[in-house]
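Here is a quick tour of a protein model with its ligand, written for someone who likes to look at pockets, contacts and odd backbone angles. Keep the viewer open while you read.

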Amino acid sequence: MFYAYQIKSLEAYRELYKKSVTHPENFWSDVATHFQWHRKWDKVLDWSFAEDDLHIEWFKGAKLNITENCLDRHLPVNGNKNAIVWVPNNPDDRCRILTYNVLFKKVCQFANVLKNNGVKKGDSVCVYMGMIPELAIAMLACARIGAVHSVVFGGFSAKSIAERIHDCQARHVITCDGSYHGAKIVPLKDIIDDAVITCPEVERVIVRTRTHTPVSMIKGRDVWWEDEIAEVESLGMENCAAEDMDAEDPLFTLYTSGSTGKPKGVVHATAGYMVYTAYAFVNVLQFDPRDVHFATADIGWITGHSFVVYGPLLAGGTTIIYEGIPVYPDASSLWKIVERFHVNSLYTAPTVVRSLMSYGDEPVDKHDTSSLKVLGSAGEPLNDEAWHWYHQKIGKGKAPVVDSWWQTETAAPMISSLAGVTPGVPGWATLPLPGVQPVLVDSEGKEINEQVASGNLCIRFPWPSIIRTTFGDHERFKQAYFTTFPGYYFTGDGASRDEAGNYKLTGRVDDVLNVSGHRIGTAELENAINMHNGVVESAVVGYPHALKGQGIYAYVIFKSGHQIDEKEVRQNIAATVSRIIGAIAKPEKIQFVPALPKTRSGKIVRRILRKIAENDLENFGDISTLQDTEIIDTIVQGRL
Ligand code: AMP
């Protein structure tokens with residue numbers, strides 16, 4: 001079984017790719033026909049990447065609701081099929097299975113809860129929950145009534161959440177009492193309470209029970225999810241009509257780091273997101289509607305939005321939501337899930353593959369992984385060794401490995417092999433999907449036409465799920481993506497291209513790090529480190545890290561005249577970063593330095609700091625513009 005828009009052979013790929021470039025509107029119109037619409041579009045695409053006329057509108061004039069495509073559409077034939085299989089953190093707890101009928105009912109009920117609590121079409125709703133089915137239910141319920149969900153990853157601090165709540169102007173927050181994370185409990189409601197102290201605009205916090213962690217429920221503001229559901233049940237509010245949404249109405253905002261200190265709210269539009277996400281999901285994984293799919297990503301990241309929730313449900317498949325982490329209670333937890341639920345497609349991140357590989361073969365050998373047909377990876381390049389281990393050990397040499405390149409801003413894979421259809425190459429993301437037109441440009445913004453080349457990766461033409469704006473700041477959207485190389489969408493990544501047209505990603509070319517597949521801006525990190533009261537100045541760079549891909553290396557100037565206990569101060573700085581951003585952003589290495597290498601105009605020369613962190617001490621390039629060249633030796637000597 002397959003989908004009408006599924007590409008089944010290399011020849012079909014080549015043909016469709018050509019069509020998608022020569023007749024993009026016909027191409028996407030053909031794909032979009034296979035979804036459910038209240039009203040079809042008047043115009044497939046209206047666009048300009050010009051700075052003074054920047055606009056992108058897909059399926060103009062169309063009306064739809066994405067939840068009808070995720071849920072209602074499947075009910076007549078597949079109502080009893082498993083939509084979500086939930087696997088708890090603790091193996092002794094029971095799994096939960098939600099069929100499409102059950103999920104539909106729960107989404108409608110919670111949509112009514114949202115309405116009863118004053119959520120209206122167009123409102124932003126902040127969602128800060130653990131990996132439980134109710135997180136997906138909350139997202140879908142928002143989409144059902146036209147509210148715009150903004151999911152915040154459970155690892156972010158109160159301050160980071162408050163920043164996001166302010167930015168997207170959310171008056172409603174949905175959370176849990178706590179969440180399980182391996183052996184730890186994260187007190188989500190406590191963290192929300194701390195965040196909301198500085199967010200008087202928040203009127204309602206809906207709290208779902210999970211860990212039974214004691215929480216303070218504030219009268220007039222906080223309500224229990226379960227009580228609210230009981231209320232709509234008692235009122236017989238079982239159904240909830242799907243709101244009629246314009247194609248370009250926002251579906252969600254998801255925050256990601258940029259090269260300035262403030263995270264940006266990436267806004268995705270309803271129709272384009274739906275069409276491209278389903279298209280990419282089905283084609284990259286060569287999904288079969290009967291398949292059981294397991295993506296390990298947290299729903300708080302784009303991979304979780306598109307490959308745990310929306311993609312599989314749009315495809316009418318079965319998606320596994322795993323509450324726990326890959327190494328708890330031991331390194332076989334993923335393989336246990338694969339065996340137990342006969343998982344067909346596994347999608348994870350290189351950092352997870354490397355981490356599991358480090359435990360050796362024994363945890364895998366205990367389990368039958370033969371149901372796996374496809375192995376996917378995203379977040380950073382899957383290095384050779386990890387690629388081969390994934391392919392040989394997990395896929396028994398049979399399941400194709402797809403390394404897919406995408407971003408929060410693209411919503412779904414853009415450059416990727418299509419499992420078993422187009423060839424996979426270790427370390428390479430390979431070919432663009434039909435509809436995606438990558439180009440390499442030089443530092444002047446000139447397109448590089450040689451076939452074999454390296455440069456800045458840009459996209460020449462819009463695809464349906466391209467970011468539409470950064471919430472509340474359209475100017476920043478322009479600046480971040482369309483001004484560096486006018487006329488193109490700039491990805492922020494560098495890439496190489498080979499003879500066959502394959503692309504290999506070579507890393508960020510802006511001041512953004514990629515730690516365990518998560519983007520963290522160096523400016524954001526430096527702001528956090530500088531908040532520690534002893535820190536005068538800091539500079540952060542990335543360095544190669546065996547498990548995380550990139551580690552965080554911070555150079556810190558500490559107040560002079562203080563005798564410091566370096567170990568203790570390092571811990572305090574790490575605690576400060578945890579408090580300001582979240583534990584995910586803690587630097588691995590903190591080196592105390594008397595000064596930073598700066599140009600005469602006062603700019604930090606990060607290139608030198610990067611080389612020192614990478615232990616590449618051979619050639620620092622041109623250092624003639626430095627205020628003080630001796631500082632380099634001092635920093636090299638103190639290198640960690
Ligand atoms: P995020 O928006 O947090 O998903 O991060 C997107 C960034 O992760 C991209 O701009 C790339 O730098 C990196 N990335 C994602 N997938 C890949 C991949 N398959 N290969 C190389 N880099 C990737």
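## The second largest pocket

Two elements, α1 (10-22) and β21 (438-441), each put at least two residues into the lining of the second largest pocket. Keep in mind throughout that this is a predicted model. The biggest contributor to that lining is α1, with 6 residues.

How much space lies in the second largest pocket? The answer is about 420 Å³. The lining is made up of 21 residues, and Tyr17, Pro432, Pro438, Gly501 and Tyr503 come closest to the pocket's centre. Sorted by class, the lining has 11 nonpolar, 5 polar and 5 charged residues.

## Around the ligand

Now for the ligand. It has 15 residues around it, and the closest are Asp403, Ser404, Thr408, Asp493 and Arg508. Class by class, this shell splits into 5 nonpolar, 5 polar and 5 charged residues.

Some polar contacts to check in your viewer: the side chain of Asp403 has an N or O atom 2.7 Å from a nitrogen atom of the ligand. For Asp493, a side-chain N or O atom sits 2.6 Å from a ligand oxygen atom. Asn514 also has a side-chain N or O atom at 3.3 Å from an oxygen atom of the ligand. On its own the ligand has 500 Å² of accessible area, and the protein covers 94% of that. As for secondary structure, β20 (401-404) and β25 (503-508) are the elements that give two or more residues to the shell.

## His268, one step back from the ligand

Thr408, one of the closest residues to the ligand, also has a protein partner. The side chain of His268 reaches the backbone oxygen of Thr408 at 2.8 Å.

His268 itself belongs to strand β15 (residues 264-269). Is His268 buried or exposed? His268 counts as buried, because its relative accessibility is 0%.

## Cavities

Closed-off spaces turn up as well: searching the whole structure gives 4 cavities of 30 Å³ or more. The largest cavity has a volume of about 40 Å³.

Which residues line the largest cavity? They are Asn65, Ile66, Ala143, Gly146, Ala147, Met245, Pro250, Leu251 and Thr270. That lining breaks down into 6 nonpolar and 3 polar residues, with no charged ones.

## Two helices and what they bury

Helix α8 (residues 188-196) is largely enclosed by the rest of the structure, because 7 of its 9 residues are buried. The buried set is Leu188, Lys189, Ile191, Ile192, Asp193, Ala195 and Val196.

Over in α12 (333-341), the buried residues are Ser333, Leu334, Trp335, Ile337, Val338 and Phe341. A handy reminder for reading lists like these: an α-helix has 3.6 residues a turn, so residues three or four places apart point the same way. Right after α12 comes His342, with a positive phi of about 50 degrees.

## Backbone oddities

Where is the cis peptide bond? Look at the bond from Tyr328 to Pro329, where omega is near -5 degrees. Pro329 sits in the loop between β17 (318-322) and α12 (333-341).

Then there are positive phi values in residues other than glycine. Thr430 has a phi near 75 degrees, and this residue is in the loop between β20 and β21. Thr430 counts as buried because its relative accessible area is 1%, and the cut-off for buried is under 20%. For Ser516, phi is near 50 degrees, again a positive value outside glycine. You'll find Ser516 in the loop between β26 (512-515) and β27 (518-521).

## A look at Tyr180

Last stop: Tyr180, which is part of strand β9 (residues 179-181). Its relative accessible area is 24%, so Tyr180 is partly exposed.

How far apart are Tyr180 and Trp463? In sequence they are 283 residues apart, and in space their C-alpha atoms are 37 Å apart.

Key
Residues are numbered from 1 along each chain as its sequence is written. This is a predicted model: local features need pLDDT of at least 70, side-chain atom pairs count only at pLDDT 80 or more; totals for chains, interfaces and linings use all residues. Side-chain values use heavy atoms; hydrogens and water are left out. On a 1 Å grid over the protein atoms alone, a cavity is a set of points where a 1.4 Å probe fits but cannot get out, and a pocket is an open set with protein on both sides within 12 Å along at least five of seven lines; lining residues have an atom within 4 Å of a point. Grid points are joined across faces, edges and corners, and a volume is the space filled by probe spheres set on the points. Helices (H or I, at least four residues) and strands (E, at least two) are DSSP runs, numbered from the N terminus. Ala, Val, Leu, Ile, Met, Phe, Trp, Tyr, Cys and Pro count as nonpolar, Asp, Glu, Lys and Arg as charged, and the others, Gly among them, as polar. A residue is near a molecule or strand if one of its heavy atoms lies within 4 Å of it. A polar contact is a pair of N or O atoms within 3.5 Å; within protein, one must be able to donate a hydrogen and the other to accept it, and residues adjacent in sequence count only if both atoms are side-chain atoms. Accessible areas come from the Shrake-Rupley method with a 1.4 Å probe; for residues, only the protein chains shown count as cover. Buried means under 20% relative accessible area, exposed over 50%, partly exposed in between (1.4 Å probe, protein chains only).
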